[in-house]
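Work through these exercises with the structure open beside you. Try each task before you read its solution.

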Amino acid sequence: MRALISVSDKTNVDQFAKGLIECGYEIIATGGTRKLFLEKGIPVLNIEDITGFPEICDGRVKTLHPKVHGALLAKRDSLEHMKELAENHIELIDLVCVNLYPFEKTIQKENVSLDLAIENIDIGGPSMLRSASKNYNHVTVVCDCKDYDKVLHEIKTTGNTSFETRFKLAAKAFTHTAEYDICIATYLRRMAGLNEKLFLKADLIQELRYGENPHQSAKFYAMDLSENYSLANARQLHGKELSYNNIQDANAALQIVSEFKEPFVVGLKHMNPCGAAIGNDIVDAWNKAYQADSVSIFGGIVATNQIITKEAALLMKPIFLEVILAPSFDKEALEVLEKKKNIRLIEFNIDDNLKHETHMVAVRGGLLTQTADDYTTTKDIIKEMTVTNQYPNQQQLNDMNFGWKIAKHVKSNAIVVVKDGVTCGIGAGQMNRIGSAHLAIEQAHSLGIKEGLVLASDGFFPFDDTVKYVSENGVNAIVQPGGSVNDALSIKAANDADVVMLMTGMRHFKH
């Protein structure tokens, strides 16, 4: 029995080779892998001993040889194949362990040259993986060090890997080479100035019970397991499986949470915030967010950037919530919340280093992409944006920044009114902006808050009617993008009512 080993990632490969030798395998290796084995005292054949041909072209050509690929591709149950191997003095290779040059890691380095990128395109590795995978009936192919233990266990206990294992490993190897080629093609097309092609790489996380409605099927895929504030790498601690709508809502909630560093809680329903607040701690923030809209939160989800404590858990427990998301839960908090059988408790990764990811939305027959709207995360509302006679005080500025961040995540047309770091009213998804303003003001008034309100609008005011209406109903400061042909009318209406108005020059539509 023979195994050919040639790896760039050498994690545990020496232990794998030793295990194969104990099972009667002869090891063949190339370049750096062979050097490692010799340093570890592992008996190994040089690839040149097999091919009878030296490595040439700085190692670019070493395994592209009939004595390698014939040994891998020959059908063991074909008399003609075995006769041809014997006539050409080719010995069978029964296992291939290969992982590829780190092309993706190379091109992610700052100022990497095209020449260096090209040198990290593996040729022999993918060829061996494909040859071995094509002949999975007879050859075991290993491209992932996580499979070493399973392969060794089967060989030690039964003398060989099972057909089922070889088939799965072959499928895994073809996937590995496909993803590798996609990375190379994407990079080279960009460098060559060719039209961009979008290749998607995603792993199935979960087959969902149904989609947006019970008659629709659905699945959840992960595209980036390193992303923070993401369900793709979150950990579910308790409760039944997340549904399609749970995932949509939870994702929307996490994007809002990512805006804030201070203690923050948001309640969310149908992908719109229904109550949000900053506080002194998790309990303070929860109480404020819940009181902001204790009706809509029923059957919704809650997300926070704080640890869920026992005290917070006791306050949340009586409320019917579908999901609670947090960076972590105290042991005592889990004991409280796990008494509710179905509630989903999710821990997610939280970090200051957010990626500038691309957002994708499927449309019939196509795909829309756009860069992330991360403006409010990195830019503050400042008094120099003032367009009225009066300037905002510090509390108004604080509330403008808070409201502006929330408005960005509300379905357009969006109007958010806030006070002291708490949402008081949210008007979402209306066909005109004055309609959203009416909803937000009515909600604030229902809470008994009728003055000192700060308003944030995700888009400009096409007319001055919104400014006139809200200034008569407790709003004394407004932040909006500006950009309407009627901006002057809105500014005049604000000045007439002694309302502060700031224009950011950037809108935040969310459809």
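The exercises below go from the sheet to the helices, and the model they use is predicted.

**Exercise 1. The sheet**

Task: Give the order of the strands in the sheet, and find which strands stand at the edges.

Solution:
- Step 1. Lay out the strands. Five of them form an open sheet in the order E3-E2-E1-E4-E5. The pairing is parallel.
- Step 2. Look for strands with a single partner. These are E3 (45–46) and E5 (140–142). They stand at the edges, so each has one side without a neighbour in the sheet.
- Step 3. Check one pairing. E2 (residues 26–29) is joined to E3 by two bridges. Alanine 29 has asparagine 46 in E3 as its bridge partner.
- Step 4. Add a helix. H1 (residues 13–22) packs on the sheet and touches E1 (2–7), E2, E4 (95–99) and E5. The directions of H1 and E1 make an angle of about 175°.

**Exercise 2. Two helices**

Task: Decide how H1 and H9 are oriented to each other, and name residues where they meet.

Solution:
- Step 1. Take the angle. H1 and H9 (residues 148–158) pack at about 5°, with axes 10 Å apart.
- Step 2. Apply the cut-off. Angles under 35 degrees count as roughly parallel, so H1 and H9 are roughly parallel to each other.
- Step 3. Find the contact. From H1 come Val13, Gln15, Phe16, Gly19, Leu20 and Glu22. They meet Tyr148, Val151, Leu152, Ile155 and Lys156 in H9.
- Step 4. Sort these residues. Seven are nonpolar, two polar and two charged.

**Exercise 3. One residue**

Task: Is isoleucine 118 buried, partly exposed or exposed?

Solution:
- Step 1. Locate it. Isoleucine 118 is found in helix H7 (residues 114–119).
- Step 2. Compare with the cut-offs. Buried means under 20% and exposed over 50%. Isoleucine 118 has 32% relative accessibility, so it counts as partly exposed.
- Step 3. List its contacts. Beyond neighbours within four places in sequence, isoleucine 118 is in contact with Arg60 and Leu188.

**Exercise 4. A covered helix**

Task: How many residues of H8 are buried, and what do they pack against?

Solution:
- Step 1. Count. H8 (residues 124–134) has eight of its 11 residues buried. The helix is mostly covered.
- Step 2. Name some. Among them are Gly124, Pro126, Met128 and Leu129.
- Step 3. Find the partners. The buried residues of H8 pack against E1, H4 (66–73), E4, E5 and H10 (163–192).

Key
Residues numbered from 1 in each chain as written. Predicted model: local features only at pLDDT ≥ 70, side-chain atom pairs only at ≥ 80, totals over all residues. Heavy atoms only, no water. Pairing = 2+ DSSP bridges. Helix = DSSP H or I, 4+ residues; strand = E, 2+ residues; numbered from the N terminus. Contact = heavy atoms within 4.5 Å. Axes fitted to C-alpha atoms, helices over the stretch in contact; angles between N-to-C directions. Parallel < 35°, antiparallel > 145°, perpendicular 65-115°, else oblique. Nonpolar A, V, L, I, M, F, W, Y, C, P; charged D, E, K, R; others polar. Buried < 20%, exposed > 50% of the residue type's maximum accessible area, 1.4 Å probe, protein only.
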